[in-house]
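Work through the exercises below with the structure open. Try each task before reading its solution.

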Amino acid sequence: MTNSKVTLSNKNYLAEAKARNHFLTLDEPVVDGGDDNGPTPVEYLLTAIGGCVAMTLRMYSERKGWDLGEIDVKVTQVIENNEKSLTEEISFEKEITEDQKKRLLVIAGKCPVAKMVKGETRIDSKII
């Protein structure tokens, strides 16, 4: 089972998260009432999607024997007409063919974090 525990401090929106043996800081920008001590939860989500997509593409390309070099994934939250969406811009250090592009785009959509965000994971909440 994978988990993360987040504790919100008494100082505005400063929070600390623990995942396995790693500690992460979360906060809100000053304009939103925080002290800007770390990324926001949305920024962490965008980072998680980008990291998952890049790692999924690396795993797939290694199985295929494709050398992609560095993989960059930029994930952006877009808000237009009160509707929110995400865009991903994926680029590779090495040149790839059109057929590889098509296949890698399909594989990018299979990353577990992106699948969670697309609504394929139920969330059960309870107060204990």
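**Exercise 1: The sheet**

In E3, Thr25 is the bridge partner of Glu16. The model is a predicted one.

Task: Find how many bridges pair E2 with E3, and in which sense.

Solution.
- Step 1. Start at the pair Glu16 and Thr25, with Thr25 in E3.
- Step 2. Count the bridges: E2 and E3 pair over 5 of them, in the antiparallel sense.
- Step 3. Look at the turn. The hairpin of E2 and E3 has 2 residues between the strands. Arg20 takes a positive phi near 55° there.

Task: Which residues of E2 are the bridge partners of Leu8 and Lys5?

Solution.
- Step 1. Leu8 has Ala15 in E2 as its bridge partner.
- Step 2. Lys5 has Lys18 in E2 as its bridge partner.
- Step 3. Count again: E1 and E2 (residues 15-19) run antiparallel and are joined by 4 bridges.
- Step 4. Check the hairpin. E1 and E2 have 6 residues between them, and Asn12 in the turn has a positive phi of about 50°.

Task: Give the strand order and name the edge strands.

Solution.
- Step 1. The order is E1-E2-E3 in an open sheet of 3 strands, with antiparallel pairing.
- Step 2. E1 (5-8) and E3 each pair on one side only, and they are the edge strands.
- Step 3. On average, neighbouring strands of this sheet are turned by 20° against each other, direction ignored.

**Exercise 2: Another strand pair**

Task: Describe how E4 and E5 pair.

Solution.
- Step 1. E4 covers residues 71-80 and E5 covers residues 83-92.
- Step 2. They pair over 10 bridges in the antiparallel sense.
- Step 3. Find one facing pair: Lys74 stands opposite Glu89 in E5.
- Step 4. Their hairpin has 2 residues between the strands, and Asn81 takes a positive phi near 55°.

**Exercise 3: A loop residue**

Task: Is Thr40 buried or exposed?

Solution.
- Step 1. Locate Thr40 in the loop between E3 (22-26) and H1.
- Step 2. Its relative accessibility is 10%, so Thr40 counts as buried. The cut-off for buried is under 20%.
- Step 3. Leaving aside neighbours within four places in sequence, Thr40 is in contact with Asp27, Glu28 and Pro29.

**Exercise 4: Two helices**

Task: Work out how H1 and H3 are oriented to each other.

Solution.
- Step 1. The axes of H1 (residues 41-64) and H3 (residues 112-120) come within 7 Å and cross at roughly 135°.
- Step 2. H1 and H3 are therefore oblique to each other.
- Step 3. List the contact: Leu45, Ala48, Ile49, Cys52 and Thr56 in H1 meet Pro112, Val113 and Val117 in H3.
- Step 4. Sort by class: the contact of H1 with H3 has 7 nonpolar residues, 1 polar and no charged ones.

Key. Residues numbered from 1 in each chain as written. Predicted model: local features only at pLDDT ≥ 70, side-chain atom pairs only at ≥ 80, totals over all residues. Heavy atoms only, no water. Axes fitted to C-alpha atoms, helices over the stretch in contact; angles between N-to-C directions. Parallel < 35°, antiparallel > 145°, perpendicular 65-115°, else oblique. Contact = heavy atoms within 4.5 Å. Nonpolar A, V, L, I, M, F, W, Y, C, P; charged D, E, K, R; others polar. Buried < 20%, exposed > 50% of the residue type's maximum accessible area, 1.4 Å probe, protein only. Pairing = 2+ DSSP bridges.
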